[in-house]
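Please open the model in your viewer and keep the selection tool at hand. The tour below proceeds from one selection to the next.

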Amino acid sequence: MQKVDLQALKVDYVLEKDGYQLINYCNLSQQESLKLLAIRNNPSIRTRMVNSDLISEENHLHFLLNLPNQDVGYWALKRQNEILGSISLVEFNEADLSFIGGNFIAPKMIGGGFGAVVNYYMHFIAFEKIKCRKVKAIVKKDNINAIRINKLFGAVISNENDSKDEISNDYKSLEFYADNWANNIKEKSRKIIEYVL
């Protein structure tokens, strides 16, 4: 049975392409953390998120204090000291070796295909560094660009025709698998992000 590396949730990663880095939230300066919060709270970003509430500086700093004691991974995607996005892997499920994944990009990156870059790195970290078996995600049904990008990454939509509750009425539940990543998605998605970059 595959062993998930929970220690990899706390590590920074220097990525192979064009000077990108994933810096664990625990390793960001307070100034960088507040820049990241400003990106997340920007209306063009937060309205697309499952939790679209405004997050206060106080709540964000409290959240950061508790991160080291949890089996979760939050990273800022940076290039040349500029924060361009964020990746998260939370709610580890030992039964199916899965995480719930999420990401967002800086508002100025919207519309240029950069969402594919953040998605690529989220899957790379989840399947190649942490070695989980599955990543689950929830996306608002009206976030067409996110759904389109997730399909490029092999998303299986698990509640396509289920409309019994508010979650399935307003959101799509997606699942991504390590086997799909290794067998064909990684290579295809790598070509996409090379084009974007």
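Begin by selecting K134 and D96, whose side chains form a salt bridge with an N to O distance of 3.3 Å. The two residues belong to distant parts of the chain: K134 is in strand 6 (residues 134–140), whereas D96 is in the loop between strand 4 (82–93) and strand 5 (98–105), and 38 residues separate them. K134 and D96 are both buried. Please bear in mind throughout that this is a predicted model.

Keep D96 selected and add K136. The side chains of K136 and D96 also meet in a salt bridge, at 3.2 Å from N to O. Because K136 lies in strand 6 and D96 in the loop between strand 4 and strand 5, this pair ties together parts that are 40 residues apart in sequence.

Colouring by accessibility is useful at this point. D96 has a relative accessible area of 17% and is therefore buried, since the buried class lies under 20%. K136, with a relative accessible area of 24%, is partly exposed. Display the three residues together: D96, K134 and K136 are linked in a network of salt bridges.

How many salt bridges does a search of the whole structure find? The search finds 5. In general terms, side chains of opposite charge can pair when their charged atoms come close.

Move next to E128 and K186. These residues form a salt bridge in which the closest N and O atoms are 2.9 Å apart. E128 lies in helix 4 (residues 114–130) and K186 in helix 7 (residues 178–196), so the pair ties together parts that are 58 residues apart in sequence. E128 is partly exposed, at a relative accessible area of 25%, and K186 likewise counts as partly exposed, at 30% relative accessibility.

Now select the whole of helix 4 and helix 7 and turn the view until both axes can be followed. The axes of the two helices come within 10 Å and cross at roughly 150°. The crossing of helix 4 and helix 7 is left-handed. To inspect the contact, show side chains on each helix in turn. Helix 4 contributes F114, A116, V117, Y120, Y121, H123, F124, F127 and E128. Helix 7 contributes A178, W181, K186, S189, R190, I192, I193 and V196. Colour these residues by class: the contact of helix 4 with helix 7 has 12 nonpolar, 2 polar and 3 charged residues. E128 and K186, the salt-bridge pair visited above, are both among the contact residues.

Key: Residues are numbered from 1 along each chain as its sequence is written. This is a predicted model: local features need pLDDT of at least 70, side-chain atom pairs count only at pLDDT 80 or more; totals for chains, interfaces and linings use all residues. Side-chain values use heavy atoms; hydrogens and water are left out. A salt bridge is a side-chain nitrogen of Lys or Arg within 4 Å of a carboxyl oxygen of Asp or Glu. Helices (H or I, at least four residues) and strands (E, at least two) are DSSP runs, numbered from the N terminus. Buried means under 20% relative accessible area, exposed over 50%, partly exposed in between (1.4 Å probe, protein chains only). Axes are lines fitted to C-alpha atoms, for helices over the stretch in contact, and angles run from 0 to 180 degrees between N-to-C directions. A crossing is left-handed if the near helix is turned anticlockwise from the far one by less than a right angle, and right-handed if clockwise. Contact means heavy atoms within 4.5 Å. Ala, Val, Leu, Ile, Met, Phe, Trp, Tyr, Cys and Pro count as nonpolar, Asp, Glu, Lys and Arg as charged, and the others, Gly among them, as polar.
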